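Reader: Before I use this model, please take me through how its parts are arranged and how its chains meet.

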Amino acid sequence: MGNADCGLRNEETWNKTLVEYGGELEMKTLNSELQTPNSGDPILEVKDLQIHFFTDRGVLRAVEGVDFSVRKQEVWGLVGESASGKSVIGQALIGMVAKPAGRIVSGEVFFKGEDILKMAPREVEKIRGNQIAFIPQDPTTALNPLLRIGFQIGEAFKYHRGMEASNIPEEIVKVMGVVNIPSPEQRLNDYPHQLSGGLKQRVIIATALSCQPDLLIADEPTSALDVTIQIQIIKLIREIQDRFQMTMILITHNLGLVAKMCHRVAVLYCGRIVEEAPVRGLFKDPKHPYTRGLLASLPKGEKGNVELYTIPGQLPNPLYHPPGCSFSPRCPHALSKCQEIPPMEWSSEDHRVRCWRWKEI
Amino acid sequence: MRRGLGELRKDLSIIDVGKGTARDERTLKLKKQFRRIPKAAALIILLLLVCAIFSPLIAPHDPIEQNLANALKPPFWQKGGSFAYLLGTDNLGRDILSRIIYGARISVIVGFAGVLVSGIMGTFLGVVAGYFGGKIDLVIMRLTDIMLSLPYILIAIAIIGAIGPGLTNIIIVLGITQWVGYTRIIRFEAMSLSKSEFIEMAVISGTRWWRILLVHILPNVLNSAVVLGTLDVGKMIIFEAALSFLGLGVKPPTASWGGMLADGRVYLTFAWWLATFPGIAIAITVLGGNLLGDWLRDELDPRHQLKA
């Protein structure tokens, strides 16, 4: 259909993408065991998650039936453009969907075999911040301006570990050391306004790590930082994930980041996962027209004035999703069949796609 | 035109991020802020406090001792006045100056205790309403609407009628009637704070709700509460005077400015000093309080500091 150049089909372009988006960052060899399909125990399983926002203007279907599972020690990426529902999924996993408008309409979220959504609030509190930690987007607003950072890092300790006050400073210094905050003993008593953006994000990461969580959810951890700091923070998160063998969910719109960080990746469009695959498979052989469009719109390192590809059309109004496949109005391959919602199909044993025509295009 | 390296270093040393310099900077800023304090207002409040605390030492006469032979003496500069009674005497021969000095005690106590009681009540309700929202917020907000629609003097008369007059009861009445202003302002601030990311982070860290209120929200709204409080001290003093004027305040022999106004009202046509001097005392005190409150409001407002 004239879009043969959309995907990054050979090794060379794949490596180019890495160079483009990783900068000087060295790619650590991903744990190859996790690359093999369907291996490892799932630590998190999400089944048919639906989250709607009941607004004055109508029901906003932010998440419409999302299924996925994340395996132990894996970095699982969730990509999508703004308003695709990726942050809402992240919030739902820690039981923090914005009330009163937002409601989890249906679905199950199994963490270590137990359904978080059916747990008593007290039980969820015990897991949240302890076994599941969260790194928010903007480090500048995520710290209380009136409290010393040592105190803020220590809060989770106090609650989840029931630690004695005398032990806390040592523990905090230890955690601050892990995230490479220079001279932690002195920084302990600083207020957030005395720190730079990068340091603030390190403090946030320290807070998230303080209880050594099994699952770390990072919601665009670098979008509020400038590029040089982004690389440092990404390096740090990657290192920590490796060192503590943590499972991680990375929510982002940065495909380069996904290429660097993730083992597997899911592409979200209008509240539905349209494609999920190991990261290499997705970049080298994208099946869904939306994924192809996304990859085609990346700069590929050409020289001179080359116009970048853009996906035609706009994201539909979230209040009125188109019937059938949400991408069909923008899709170059759309047929009348696309007025019905396509099922999720396995194209290979570890690659699934939600499109009627993935075999043909 | 190029600047020497030494000069550059000197510049850099000023913005050195050492611990000591940061602290010095803070004290410097505090000093600067205090230099801007309105001197006259500070003097008025200081004088009020001195009068209230050391009244037995300052007052020339006993404020409740009656001496009918000296009744209705004019201030010293008028014919018939004497330096023994600088501001004259009232209908029972009590020294007006001494009564004003002792009356400062009542005003200070009522002013500060009233603000404290109503401020704590209002701030607490505001934080709770703003953080929890929903039905709790609805109930508290309707309660403030009711309080605002009732004239406070009506409530005061009803309560005093039920529990009787007296200093403690006045403070209770002021607390019950004056918390609304704090609640409305603090609720709004707590509401926007509770949506902020650091509160979300605290919730995720497993912080309990009461700890979030106490450690995270309260300190962040305290600025407004303090400013509102200082501006309210004057209002409280006026309310106390009004209640005493109506005979709902402090019991008679005790000197209070409002009570003195009420007593002097009858004699206003031929002995103006009975009501005028306590009236002036009230006006000056309230002015001082308000000026100080304005200053504090400006100093705590970050936008003002940018201008300064």
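**Sheet and interface**

Author: Four strands of chain A (strands being DSSP E runs of at least two residues and helices H or I runs of at least four, both numbered from the N terminus) make an open, antiparallel sheet in the order 2-1-4-5. Strands pair if DSSP finds at least two bridges between them. This is a predicted model, in which local features need pLDDT of at least 70, side-chain atom pairs count only at pLDDT 80 or more, and totals for chains, interfaces and linings use all residues. Residues are numbered from 1 along each chain as its sequence is written, while chains are lettered from A and ligands numbered from 1 in the order in which they are written.

Reader: Which strands of chain A stand at the edges, and why is one side of each left without a neighbour in the sheet?

Author: Each of these strands has a single partner strand, so one side stays without a neighbour in the sheet. The strands at the edges are strand 2 (58–71) and strand 5 (114–115) of chain A.

Reader: How many bridges join strand 1 of chain A to strand 4 of chain A?

Author: Strand 1 (residues 42–55) and strand 4 (residues 102–111) of chain A run antiparallel, and His52(A) stands opposite Arg103(A) of strand 4. The number of bridges joining strand 1 to strand 4 is eight.

Reader: Which helix of chain A gives the most to the side that touches chain B?

Author: Counting a contact when C-beta atoms, placed from the backbone, lie within 7 Å, chain A brings 21 residues and chain B 15 residues. With four residues, the element of chain A that gives the most to this side is helix 5 (residues 149–161).

Definitions and conventions: Contact = placed C-beta atoms within 7 Å.
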